[in-house]
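Here are a few short exercises to work through with the structure open beside you. Try each task before reading its solution.

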Amino acid sequence: MIRSIILLSTLFALTACGNGRQRTTASGEKVTTVNRTVEYDIYGTYTGTLPAADCPGIAVSLTLFEDGNYEQRSEYLGREVVYNEWGRFTVEADQLTLYPNEAEAANRYRIEENRLRMLDCDGKPITGKLSDHYLLTRTTETK
């Protein structure tokens, strides 16, 4: 009996002292973030020029709104081609995922202080010579 009480007390103490925190994503889902030491305010506009295979780069402007929606403008430099995209985004731990439609994700980014680092389709950092160029830097904050 005493062993049971000690075991339950220990489990309760470990659970109560946990570093987990429950938050709601932009889509309304409850997500528990565990052992996350830094939280960032991600809302605002991020810009940067991403590498491209067939032009000098893609100038991207991505705005994240507090209501869980985003707007992205992508201009293919030297080609006079511009794409505008709207949709919803989710945040889980340190990963931001854009959903231009309800079914599938378009882009994923790792959230860093005042910037977003583009991830590959598996949610892993892009590697190689140009890996440091897959960054969007915050230029404004939403109010």
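Buried means under 20% relative accessible area, exposed means over 50%, and partly exposed covers what falls in between. The model is predicted.

**Exercise 1.** Sort Tyr43 into buried, partly exposed or exposed.

*Solution.* Start with the value: Tyr43 has 23% relative accessibility. The cut-offs are 20% and 50%, so Tyr43 counts as partly exposed.

**Exercise 2.** Find how many aromatic pairs the whole structure has, and classify the one formed by Tyr43 and Phe89.

*Solution.* The search returns two aromatic pairs. For Tyr43 and Phe89, the centres are 6.4 Å apart and the planes meet at 55°. Planes under 30 degrees apart would be stacked and over 60 edge-to-face, so this pair is tilted. Next, place the partners: Tyr43 sits in the loop between strands E2 (30-33) and E3 (44-50), while Phe89 belongs to strand E6 (residues 81-92), so the pair ties together parts 46 residues apart in sequence. Phe89 is buried, at 1% relative accessible area.

**Exercise 3.** Classify the ring pair Tyr76 and Tyr83.

*Solution.* The ring centres lie 5.7 Å apart. Their planes are at 85°, so the pair is edge-to-face.

**Exercise 4.** Describe the barrel, then look at how strands E7 and E8 pair.

*Solution.* Eight strands form a closed barrel in the order E3-E4-E5-E6-E7-E8-E9-E10, with antiparallel pairing. From one strand to the next, the twist averages 30°. Within the barrel, E7 (residues 95-99) and E8 (residues 108-112) pair in the antiparallel sense over three bridges. Gln95 stands opposite Arg110 in E8.

Notes
Residues are numbered from 1 along each chain as its sequence is written. This is a predicted model: local features need pLDDT of at least 70, side-chain atom pairs count only at pLDDT 80 or more; totals for chains, interfaces and linings use all residues. Side-chain values use heavy atoms; hydrogens and water are left out. Two strands pair if DSSP finds at least two bridges between them. Helices (H or I, at least four residues) and strands (E, at least two) are DSSP runs, numbered from the N terminus. Axes are lines fitted to C-alpha atoms, for helices over the stretch in contact, and angles run from 0 to 180 degrees between N-to-C directions. Rings of Phe, Tyr and Trp (its six-membered ring) pair if their centres lie within 6.5 Å; planes under 30 degrees apart count as stacked, over 60 as edge-to-face and the rest as tilted. Buried means under 20% relative accessible area, exposed over 50%, partly exposed in between (1.4 Å probe, protein chains only).
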